[in-house]
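Me: I would like to learn how to read the features of a protein model, one at a time. Could you take me through some of them slowly?

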Amino acid sequence: VIIMSRGCPHACDFCSVAAMNGECYRRIGNELIMQRLRQLFREKSGERIFWGDDNFAGKPKETEDLLRQMADEKLDQDRRYVTQLHAEIGLRRGFPDLLRRAGVQIATLGLESNNAVSLESLGKESTREINIQGVKAIRDAGVLVHGMFIVGADGDTEESLRDQLEWAEKHVDTAQFFPLGPLPGTRLTQEMERQGRILSKA
């Protein structure tokens, strides 16, 4: 595992990242990251390396420079890297190809939902169209997509969840489905408490 940042530039209502790290994004410089990568590359040859950052591309320009350095130094062997990203980064010109060139094998994307009402209720800045286009761009570049979805948001119906499952089966390589839960410190939890929707904290 390698972690180069704290926080996320997004602040979705359901997510605890901002509550834990503050509503800001902090990242160390590329040279320090490259030093750690070179060390891991020597010590863990052939093993998968997971980027533990909540948003690997929180600063896209710096991340693009990092990916180019990784490719230039041949730290891309074995396609070993796994990253966590937001779907809209797939729409940034050239970014998906840089992921592949740098050796990223799997991009895990917090898609949450393709239901517009549910996305809005979660405070998610993304849209169904961004999810669809971002996933396609990343997969077209040769990077596998692991989609993460939330079940139980306001707006979810039996029909919309069936649609979500069918879409995931066709358009992502692997998927996880999480029940919506009131994580401590989040705006979603505060709103649920205000509405009297949290029945027990036991």
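**Reading the model step by step**

Reply: Let us begin with exposure in this predicted model: lysine 74, with a relative accessible area of 52%, is exposed, because exposed means over 50%.

Me: Where does lysine 74 lie, and what is its phi?

Reply: Lysine 74 is placed in the loop between α3 (60–72) and β4, and its phi is near 60 degrees, which is a positive value in a residue other than glycine. Glutamate 112 also has a positive phi, of about 65 degrees, although it is not a glycine. Glutamate 112, however, belongs to strand β5, and it counts as buried because its relative accessibility is 8% and the cut-off for buried is under 20%.

Me: How should I read a sheet, and what is the order of the strands in this one?

Reply: Strands are said to pair if at least two bridges are found between them, and with that idea we can follow the sheet from strand to strand. It is an open sheet of five strands in the order β3-β4-β5-β6-β7, and the pairing is parallel. The strands at the edges are β3 and β7, and each has a single partner strand, so one side of each is left without a neighbour in the sheet.

Me: Which strands pair with β4, and over how many bridges?

Reply: Strand β3 (residues 49–50) pairs with β4 in the parallel sense over two bridges, and here isoleucine 49 stands opposite tyrosine 81 in β4. Strand β5 (residues 104–112) runs parallel to β4 and is joined to it by five bridges, with valine 82 standing opposite isoleucine 106 in β5. The link between these two strands can be read as well, since β4, helix α4 (residues 95–101) and β5 make a right-handed β-α-β unit.

Me: Is strand β4 mostly covered or mostly open, and which way do its residues point?

Reply: Strand β4 (residues 81–85) is mostly covered, with five of its five residues buried. To read the directions, sort the residues into two groups: Tyr81, Thr83 and Leu85 point one way from β4, while Val82 and Gln84 point the other way, and all are buried.

Me: How do I read a loop, for example the one that holds threonine 186?

Reply: For a loop, ask which elements it joins, how covered its residues are, and what they touch. Threonine 186 lies in the loop between β7 (174–179) and α8 (187–194), and it is buried because its relative accessible area is 2%, under the 20% cut-off. Apart from neighbours within four places in sequence, threonine 186 is in contact with Asp13, Phe14, Cys15 and Ser16.

Leucine 183 is placed in the loop between β7 and α8 too, but leucine 183 is partly exposed, with a relative accessible area of 38%. Once neighbours within four places in sequence are left aside, its contacts are Phe14, Ser16 and Thr189. Leucine 183 also shows how sequence and space can be compared, as it is 164 residues from alanine 19 in sequence and 9.4 Å from it in space, C-alpha to C-alpha.

Me: Which residues form a nonpolar patch on the surface?

Reply: Val151, Leu161, Leu165 and Phe177 form such a patch, and together they have about 290 Å² of accessible area. Leucine 165, one of these residues, lies in helix α7 (residues 158–171) and is partly exposed, with a relative accessible area of 41%.

Key: Residues are numbered from 1 along each chain as its sequence is written. This is a predicted model: local features need pLDDT of at least 70, side-chain atom pairs count only at pLDDT 80 or more; totals for chains, interfaces and linings use all residues. Side-chain values use heavy atoms; hydrogens and water are left out. Patches are made of residues with over 30% relative accessible area and no salt bridge: like charges are joined within 9 Å, nonpolar side chains (Val, Leu, Ile, Met, Phe, Trp, Tyr) within 5 Å. Accessible areas come from the Shrake-Rupley method with a 1.4 Å probe; for residues, only the protein chains shown count as cover. A salt bridge is a side-chain nitrogen of Lys or Arg within 4 Å of a carboxyl oxygen of Asp or Glu. Helices (H or I, at least four residues) and strands (E, at least two) are DSSP runs, numbered from the N terminus. Buried means under 20% relative accessible area, exposed over 50%, partly exposed in between (1.4 Å probe, protein chains only). Contact means heavy atoms within 4.5 Å. A crossover is right-handed if, with the strands pointing away from the viewer, the path from the first strand over the helix to the second runs clockwise.
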